[in-house]
Structures are given as structure tokens and as C-alpha cells.
Amino acid sequence: MKKHNIIAMALTSLMALPVIAQDSTPAVGDILQGINMFTPEEGDPAYKVKANEKYGTQWGVDMAYGLWNTEKVSDVKRHNNLALLHAQLNQRLIEDKANGGTWLRVEFSGSWGLDRESAQSDTFFTEAYATASGLHADAMGPHEGIFPEVALMQYFAGKRACLIAGMVNLTNYFDAVSIANDSFSSFTNDGFVNSTILPLVDSNIGGILQVELNRNNYMMVAVSRTGCDSGYNPFNSDYCDGYAVVGEYGHIFADGAATLRINPFYTSTDVDMDDGTGERRRQNAGLVASIEAGLVASIEYTPCDPLTIYSRAGFAAKQYLSNSAEFSVGANIKLFPSREDDFLGISYGVFKGQTPCDGERAEHNREQVLEVMYSFQVNDYFKVVPHFQYIANPAYSTSSENILWGVQAVFSF
């Protein structure tokens with residue numbers, strides 16, 4: 001879903017080459033620009049209009065129609081028939097050519113059910129089952145319209161550093177694997193879009209410090225509250241209060257064709273549980289304290305123009321709100337040289353949970369997900385993305401499997 005939020009965006013044209021010259025390293029500040037700014041995609045006419053650039057306005061809009069159907073072994077079927085929207089705006093407030101300036105960041109996202117049978121109000125479009133973390137919130141979740149991020153962004157130190165503060169969406173910055181970070185035109189299962197272990201919250205008050213160490217290395221650290229559900233008042237903590245600290249070290253190597261990301265994290269969360277009377281208590285009868293820490297790592301590599309591969313792995317100790325371990329691997333393959341913008345995507349993931357949904361011991365079960373999708377670029381503004389998923393042990397139940405298929409029609413501006 002975060003179409004323009006790819007760490008290696010500054011290297012996009014370089015990564016597409018099987019052999020890269022020695023002077024192909026990016027300019028100073030290009031890494032942070034690639035993370036934060038909505039850089040136009042090369043050759044995309046939708047971004048060739050330059051009239052707003054002098055005013056410091058960057059924007060991107062994705063509108064889509066999405067349909068998916070789920071078939072369970074028990075022959076219980078369900079579907080979602082949705083209209084989807086995701087928009088982002090960067091507006092420069094203070095210009096500073098030497099350091100990068102001061103910016104306002106605004107993000108809007110929503111999904112709307114188009115019929116009475118669509119379960120838009122209580123499920124994710126991606127239908128991730130137990131692979132969806134309680135803290136991670138894909139902005140394409142069950143909300144009719146939310147602002148996952150409204151924040152100020154201040155560059156300094158000659159574009160080598162940046163501070164972002166306000167209501168932040170951590171999925172826009174961390175774990176941004178380029179081929180598995182965009183549920184509009186790539187993998188749609190939530191377990192592939194972002195790590196299911198990292199506490200990548202949105203709609204919460206927090207801050208992010210980014211530092212570009214040199215032309216191949218960067219670091220980020222974020223501190224954010226975790227008490228607000230996606231789309232609600234960020235100062236609200238009626239049922240949950242706590243904070244998360246997420247870090248990232250990134251290393252770009254192989255002459256710009258590969259990126260390694262390492263994400264340590266720590267969270268401390270207090271969750272109010274219903275005491276059986278319909279009231280929530282913060283005393284011994286209802287309080288669940290969760291202290292969680294872990295590590296996630298990912299790597300993506302473009303060995304040649306038609307192929308990009310990635311892998312992500314992570315674990316967490318004392319995990320309460322999400323998975324305790326995950327591993328996924330996937331690839332994007334361009335099958336037809338004459339269709340440069342089309343690609344086939346294949347991804348497989350294994351997820352281990354802490355809390356079972358059917359009374360069984362979760363550590364004895366694994367949820368496994370296989371997804372196959374194809375992105376067909378009809379023209380510069382419109383693409384069609386069919387996808388198929390096979391999910392074994394959904395929600396860590398050993399007695400079932402699910403088959404999901406769907407299609408998205410995506411308009412990008």
C-alpha cells in the first residue's frame with residue numbers, strides 16, 4: 001500500500017541493472033529522501049507534471065476496487081467487495097535547499113463495503129487471519145476512512161538527518177521491503193506486507209529520528225505510544241496503554257542491488273481485559289502486562305532486471321499481542337521482456353503464534369501461507385492484480401485450511 005515508500009527508491013534505476021558501474025552510489029541524502037519523499041517513478045506520466053514542485057507539493061493517490069472470496073474446508077464461504085483509497089501528501093512549509101527543509105506529512109486511507117455481505121467492518125481486506133499482529137495495523141484495515149499519519153518532518157545536517165514527530169505511521173518507514181510493502185499491487189496477505197512481529201503502529205503519537213551514516217548505511221529509531229487503535233483518538237488509552245521502541249539499521253551493498261535491514265524492538269503494554277461484568281478494570285482482576293522484545297531481519301536482492309527476491313525472518317520473546325516467530329521468502333519475476341511493468345509474484349511464509357484461537361497449544365501449530373499474484377499494467381494509470389492464497393492452519397487451528405482468491409483493479413495518480 002505504501003507505494004512510494006521504498007528505502008532503495010533512490011537506487012531504483014541502478015538496481016534494475018545486472019552490472020552497475022563503480023560510481024553508482026547515491027548522492028548525499030538520497031537514502032532518507034527515498035524513505036520519506038514521494039519520488040516519481042521513472043517513466044510514469046502520472047508524475048510528470050512539474051507545476052507543483054516549486055511549491056514543494058508531493059502527492060500520490062491509489063484508488064482500487066477489490067474483490068476476494070474465501071473457501072473453507074467446512075464449505076463456509078465469505079467474500080469482501082470493497083472500494084479502497086489511499087492518499088499521501090508531503091507539503092513543504094519552510095524551504096531550505098542545503099538541509100532539506102520542513103515538511104507536513106498527511107496520509108489518508110479507507111475501505112468501503114459495496115454490499116451487505118462484505119465483512120468490511122470486522123476484517124482486513126487482506127484477510128490475514130492470525131498473521132496479523134495486534135499492534136501492527138495495515139492502513140488498509142477495517143476502517144471507512146482514517147488518517148494514519150499527520151506529522152511534521154524536519155531535515156537537518158545537510159540532508160543527512162531527519163526528525164519526524166506527531167501522529168506517525170511506522171509502516172511508512174520501517175521494514176520497507178520493496179516487493180512486499182504495497183498491498184495495492186504486490187502481495188496482499190498481511191503477513192507479507194510487513195513483519196507480523198514488529199510493533200509498527202499507526203495513528204499514535206510518536207517520533208522518528210533518521211540518520212544517514214554514509215552513502216551505503218543508515219539508522220532509524222522510533223518511539224511511539226501503542227494505546228490507540230488505528231483511526232481513533234491518539235490520546236485515547238481506554239483499554240490499552242504503553243509504548244514501543246523500534247530501530248532499523250540498513251545496509252545497501254552489491255553496488256546498490258541489495259539492501260539488508262535489521263530491526264530490533266521493545267514494547268511495554270498494559271491491556272485492560274473485560275472482567276466478565278462488561279466493565280474494564282486496571283486492577284489485578286483485569287490487567288495484562290506485556291513486555292516484549294525481539295529482532296526482525298530482511299534482505300532483498302535484484303541479481304538481474306527480471307528478478308527480485310526477498311526474505312524476512314524474526315522472533316520475539318514474551319510476546320503477547322502478536323506472533324513469536326516468522327519466516328517468509330518471495331520473488332517478483334518479469335516473465336515477458338516486452339511487458340516491463342508486469343510481474344509474477346510468489347511468496348511463502350510460516351508464522352508461529354503465542355495465543356491459540358481454538359484452545360490448542362499454539363506452539364504446536366504453525367500457520368503457513370502461500371500466495372501467487374500477477375500485476376498486469378493495462379496503461380500508465382491502471383493495473384489489474386489477481387491473487388491466490390492457500391492458508392494452512394489459519395489462526396493456528398490444525399483442523400482447517402483456507403483458499404482465498406481475489407482481484408484488485410487499481411487506479412494510480
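Residues are taken as buried when their relative accessible area is under 20%, and Asn169, with a relative accessible area of 0%, is therefore buried. The model described here is a predicted one. Within it, Asn169 is found in the loop between strand β5, which spans residues 161–168, and helix α3. The side chain of this buried asparagine is not without a polar partner, since a polar contact of 2.9 Å joins the side chains of Asn169 and Glu107.

The chain as a whole contains 3 helices and 16 strands. Of its 413 residues, 50% are buried. When contacts between residues at least 6 apart in sequence are considered, 65% of them join residues at least 24 apart.

In soluble globular proteins, nonpolar side chains tend to be buried together. In the present model, the largest nonpolar core comprises 27 residues, and the residues with the most contacts inside this core are Ile164, Leu170 and Phe174. At least two residues of the core are supplied by each of helix α2 (30–36) and strands β4 (146–156), β5, β7 (217–225) and β8 (240–253). The surroundings of Phe174 can be described residue by residue: with residues up to four places away in sequence left out of the count, Phe174 touches Asn194, Leu200, Ile208, Met220, Val221, Ala222, Val246, Gly247, Glu248 and Asn263. Apart from the core of 27 residues lies another, of 13 residues, and this second core includes Val177, Ile179, Tyr310 and Ile391.

A search of the whole structure for paired aromatic rings returns 6 pairs. In one of them, formed by Phe187 and Phe192, the ring centres are 5.9 Å apart and the planes stand at 65 degrees, so the arrangement is edge-to-face, the cut-off for that class being over 60 degrees. Both Phe187 and Phe192 are buried. Phe192 also pairs with Phe351, with ring centres 6.4 Å apart and planes at 45 degrees, so that this second pair is classed as tilted. The pair of Phe192 and Phe351 links distant parts of the chain, since Phe192 belongs to helix α3 (residues 190–193) and Phe351 to strand β13 (residues 343–352), with their positions 159 residues apart in the numbering. Phe351, like Phe192, is buried. Taken together, ring pairs link Phe187, Phe192, Tyr310 and Phe351 into a cluster, and one of its members, Tyr310, is also among the residues of the 13-residue core.

Charged side chains form 7 salt bridges in the structure. One of these joins Glu300 and Arg261, at an N to O distance of 2.9 Å. The bridge links distant parts of the chain, with Glu300 in strand β10 (residues 287–304) and Arg261 in strand β9 (residues 258–272), 39 residues apart. Both partners fall under the 20% limit for burial: Glu300 has a relative accessibility of 1% and counts as buried, and Arg261, at 0%, likewise counts as buried.

The bridge between Glu95 and Arg92 has its closest N and O atoms 3.9 Å apart, which satisfies the criterion of a nitrogen within 4 Å of a carboxyl oxygen. Its two residues fall into separate accessibility classes, because Glu95, with a relative accessible area of 48%, is partly exposed, whereas Arg92, at 18%, counts as buried. A further bridge is formed where the side chains of Glu340 and Lys334 meet, at 2.7 Å from N to O. Here Glu340 counts as partly exposed at 40% relative accessibility, and Lys334 counts as partly exposed at 27%. Glu340 and Lys334 also belong, together with Asp305, to a network of salt bridges.

With regard to cysteines, the structure holds 0 disulfides. Among the cysteine residues, Cys162 is buried, with a relative accessible area of 0%, whereas Cys304 counts as partly exposed, at 27% relative accessibility.

Definitions and conventions. Residues are numbered from 1 along each chain as its sequence is written. This is a predicted model: local features need pLDDT of at least 70, side-chain atom pairs count only at pLDDT 80 or more; totals for chains, interfaces and linings use all residues. Side-chain values use heavy atoms; hydrogens and water are left out. Rings of Phe, Tyr and Trp (its six-membered ring) pair if their centres lie within 6.5 Å; planes under 30 degrees apart count as stacked, over 60 as edge-to-face and the rest as tilted. Buried means under 20% relative accessible area, exposed over 50%, partly exposed in between (1.4 Å probe, protein chains only). Helices (H or I, at least four residues) and strands (E, at least two) are DSSP runs, numbered from the N terminus. A disulfide is a pair of cysteine sulfur atoms within 2.5 Å. A polar contact is a pair of N or O atoms within 3.5 Å; within protein, one must be able to donate a hydrogen and the other to accept it, and residues adjacent in sequence count only if both atoms are side-chain atoms. A nonpolar core is a set of buried Ala, Val, Leu, Ile, Met, Phe, Trp, Tyr and Cys residues joined through side-chain atoms within 4.5 Å. Contact means heavy atoms within 4.5 Å.
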